[in-house]
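I wanted to know where empty space is left in this protein and what surrounds it. These are my notes from going through the model.

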Amino acid sequence: MKFAVIAVGKLKERFWKEACEEYLKRLQPYAKTTVREIADIDPGKAGGIEAARDKEGAAICAALDSLGSSVHVVLLDIGGRERSSEGLSRRLDTLTLGGTNSFAFVIGGSDGVSETVRRRASETLSFGPITLPHNLARVVLLEQLYRAQKISRGEPYHK
């Protein structure tokens with residue numbers, strides 16, 4: 001199984017980097033997991049919010065293209081489908097049993113994603129109606145992917 005996280009923006013603070021590194025380390029025995037950071041485009045320099053979203057979207061799509069045509073794209077979106085940890089684990093298991101072994105999770109920029117990225121997504125996922133900083137969303141995503149793998153295998157998750 002392969003997981004790719006495509007995220008707009010860079011992790012700057014050490015504590016975000018360390019949290020992501022910890023979950024990436026925990027995930028490696030279960031799935032080859034990579035993170036690709038996409039440059040955050042300043043709307044003021046890009047000609048507005050929509051232009052910035054389009055430029056970020058083009059970079060996201062290029063990153064998705066590099067993963068191949070069989071990748072299952074999950075867009076993190078506040079309006080997406082909410083799933084429990086067990087529900088996420090079951091969803092990944094169902095897709096894997098159906099022949100999907102490559103997943104890309106997209107975390108857009110602070111102004112959202114372009115329509116091109118939305119159309120490219122196979123499905124959307126929400127961590128609930130709260131607004132999360134993108135750095136925290138990345139940590140939560142990696143933790144939930146790790147937890148899903150532990151659940152899938154019936155292994156205890158050490159708290």
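How do the residues of the lining of the largest cavity divide into nonpolar, polar and charged? I looked this up before anything else. The model is a predicted one. The lining of the largest cavity has 6 nonpolar residues, 1 polar and 3 charged.

**Entry: the cavity**

I looked for closed spaces of 30 Å³ or more and the count came to 1 cavity. About 50 Å³ of space lies in the largest cavity. I listed its lining as H72, V74, R83, L88, R91, L92, L95, F105, E123 and L125. I then sorted the lining by element. Helix α4 (85-97) gives the largest share, 4 residues. At least two residues each come from β3, α4 and β5.

**Entry: helix α4**

I turned to α4 next, since it gives the largest share of that lining. The helix has 13 residues, and I read 18 Å from its first C-alpha to its last. That is close to the 18 Å expected at 1.5 Å a residue. I noted S85, G87, L88, S89, L92 and L95 as buried in α4. L88, L92 and L95 also appear in the lining of the largest cavity. I checked what covers the buried residues of α4, and the cover includes β1 (2-8), β3, β4 (102-107), β5 and α6. After α4 comes G99, and I noted its phi as positive, near 110°.

I took S89 as a single case in helix α4. Is S89 buried or exposed? S89 counts as buried because its relative accessible area is 2%, and the cut-off for buried is under 20%. Leaving out residues up to four places away in sequence, I found S89 touching A148, I151 and S152.

**Entry: the largest pocket**

I moved from the closed space to the open ones. The largest pocket has a volume of about 380 Å³. I counted 20 residues in its lining, and L76, D77, I78, L132 and H134 lie nearest its centre. Which element gives the most to this lining? Strand β3 does, with 4 residues. I also noted that β3 (72-82), β5 (123-126) and α6 (134-152) each supply at least two residues. By class I have 10 nonpolar, 8 polar and 2 charged residues for this lining.

**Entry: the second largest pocket**

The volume here is about 150 Å³. I wrote down the lining as V8, G9, K10, K12, E13, D40, G108, G109, S110, H134 and N135. I divided these residues into 1 nonpolar, 6 polar and 4 charged. I had already met H134 among the residues nearest the centre of the largest pocket, and H134 is listed again in the lining of the second largest.

**Entry: V140 in α6**

I wanted one more residue from α6, and picked V140, which is found in that helix. V140 counts as partly exposed because its relative accessibility is 25%, and partly exposed lies between the 20% limit for buried and the 50% limit for exposed. I also looked up V140 against F105, one of the residues lining the largest cavity. V140 and F105 are 35 residues apart along the chain, and their C-alpha atoms are separated by 12 Å.

Methods
Residues are numbered from 1 along each chain as its sequence is written. This is a predicted model: local features need pLDDT of at least 70, side-chain atom pairs count only at pLDDT 80 or more; totals for chains, interfaces and linings use all residues. Side-chain values use heavy atoms; hydrogens and water are left out. On a 1 Å grid over the protein atoms alone, a cavity is a set of points where a 1.4 Å probe fits but cannot get out, and a pocket is an open set with protein on both sides within 12 Å along at least five of seven lines; lining residues have an atom within 4 Å of a point. Grid points are joined across faces, edges and corners, and a volume is the space filled by probe spheres set on the points. Ala, Val, Leu, Ile, Met, Phe, Trp, Tyr, Cys and Pro count as nonpolar, Asp, Glu, Lys and Arg as charged, and the others, Gly among them, as polar. The expected span of a helix is 1.5 Å times one less than its number of residues. Buried means under 20% relative accessible area, exposed over 50%, partly exposed in between (1.4 Å probe, protein chains only). Contact means heavy atoms within 4.5 Å.
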